[in-house]
Amino acid sequence: MRTDSPGAIEAVTLDLDGTLLRYERSPGTVLEVAFERAGVDPLFSADEYYARYDEFAERNDSMDDLRSDCFAVLAAENGYARRLGRVVAAAFSDERDQSNVELLPGAARALKELGREHRLAVVTNGTRDAQHRKIDAVGLERWIDTVVAGHDAPPKPEPERFERAVRALDATPTTAIHVGNSLETDVAGASAAGLESVWLSDCAETGGYEPTYRIEPIGEIGALLRLSSTGCSSESDAGTRRSDAVRDPRGRQGSSLLPRAIVTSRRSRASSRRRPRR
């Protein structure tokens, strides 16, 4: 765990789904419609699909193929014919529009601000075809320099995706930071690759993982990086209000720091006991 002052951040890698954008209809909603269209009872739950997604993403570079293989296996594991799983997958594909996505609140402002002074990359476990359709739909290419997806490397939390993105941005792990909403893939993967991490969450419980920072709205990431590099703050910062409960990245107690942006900082807990990783 580092306790020294941070160096200048040159590059920022970002997760895609749940960090920068979201479906206008959740996968769970589309799955319910797919079961209805296929004329079958629910063969498995949306949570079972989510739990197995990365396993099948590693094997397939097409979203349709991923779902077909995954749904067939899930159906079989729950006592149904594999064929029924593939029928549901086909219905899901007919119903799902990968371009039916929207940027999360604050994402456009954050990307615009970050892009002024940092090189940016998307690091995602999604398949290349699906992720690029999403990126095109919301115009992320305006800000993003490179995308690591699909079969580019083993899925997060393996470090290769982060390493590939950092090289593409002509940076190093010590001059890059990763932003994402998953402890298991984003925070753990960034740590494995030697990057510091910003965890997007309104929950303080980290389950044994150690994000460098936790923020709630992604729109505050620019302010966090400014504080991280300068150690100062301003009353003019967006969302600033007085809060003695907030520490800046250098561990100092402050009276005019971001109340929600810097909620936890690993550096400010340098003397605390390290919790075991899960």
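**A guided tour of the predicted model**

The protein has nine helices and nine strands, and what is open in the viewer is a predicted model. With the whole chain selected, buried residues account for 51% of the 278 residues, while the surface that the protein exposes amounts to about 12500 Å², with carbon and sulfur atoms supplying 45% of it. If contacts are drawn between residues at least 6 apart in sequence, 62% of them join residues at least 24 apart.

**Start at strand β6**

Select residues 176-180, which form strand β6; five of the five are buried, so this strand is largely enclosed by the rest of the structure. Showing the side chains divides the strand into two sets, with A176, H178 and G180 pointing one way and I177 and V179 pointing the other way, although all of these are buried.

**Step to the strands beside β6**

Next add residues 196-200, strand β7, which runs parallel to β6 and is joined to it by four bridges; within β7, the bridge partner of H178 is S197. Adding residues 183-192 brings in helix α8, and β6, α8 and β7 together make a right-handed β-α-β unit.

Then select residues 11-14, strand β1, which is also parallel to β6 and joined to it by four bridges. Which residue stands opposite H178 here? The residue to label is T13.

**Continue across β1 to β4 and β5**

Keep T13 labelled and add residues 119-123, strand β4, where four of the five residues are buried, leaving the strand mostly covered. Four bridges join β1 to β4, and the two run parallel; the bridge partner of T13 in β4 is A121.

From β4, extend the selection to residues 146-148, strand β5, which is parallel to β4 and joined to it by three bridges. V123 stands opposite V148 in β5. To follow the chain between these two strands, display residues 128-138, helix α6, through which the chain crosses from β4 to β5 in a right-handed β-α-β crossover.

**Finish at D64**

Finally, select residues 63-77, helix α3, in which D64 is found. Is D64 buried, partly exposed or exposed? Its relative accessibility is 42%, and because that value lies between the cut-offs of 20% for buried and 50% for exposed, D64 counts as partly exposed. A distance drawn from D64 to D129, C-alpha to C-alpha, reads 9.6 Å, although the two are 65 residues apart in sequence.

Notes:
Residues are numbered from 1 along each chain as its sequence is written. This is a predicted model: local features need pLDDT of at least 70, side-chain atom pairs count only at pLDDT 80 or more; totals for chains, interfaces and linings use all residues. Side-chain values use heavy atoms; hydrogens and water are left out. Buried means under 20% relative accessible area, exposed over 50%, partly exposed in between (1.4 Å probe, protein chains only). Contact means heavy atoms within 4.5 Å. Accessible areas come from the Shrake-Rupley method with a 1.4 Å probe; for residues, only the protein chains shown count as cover. Two strands pair if DSSP finds at least two bridges between them. A crossover is right-handed if, with the strands pointing away from the viewer, the path from the first strand over the helix to the second runs clockwise.
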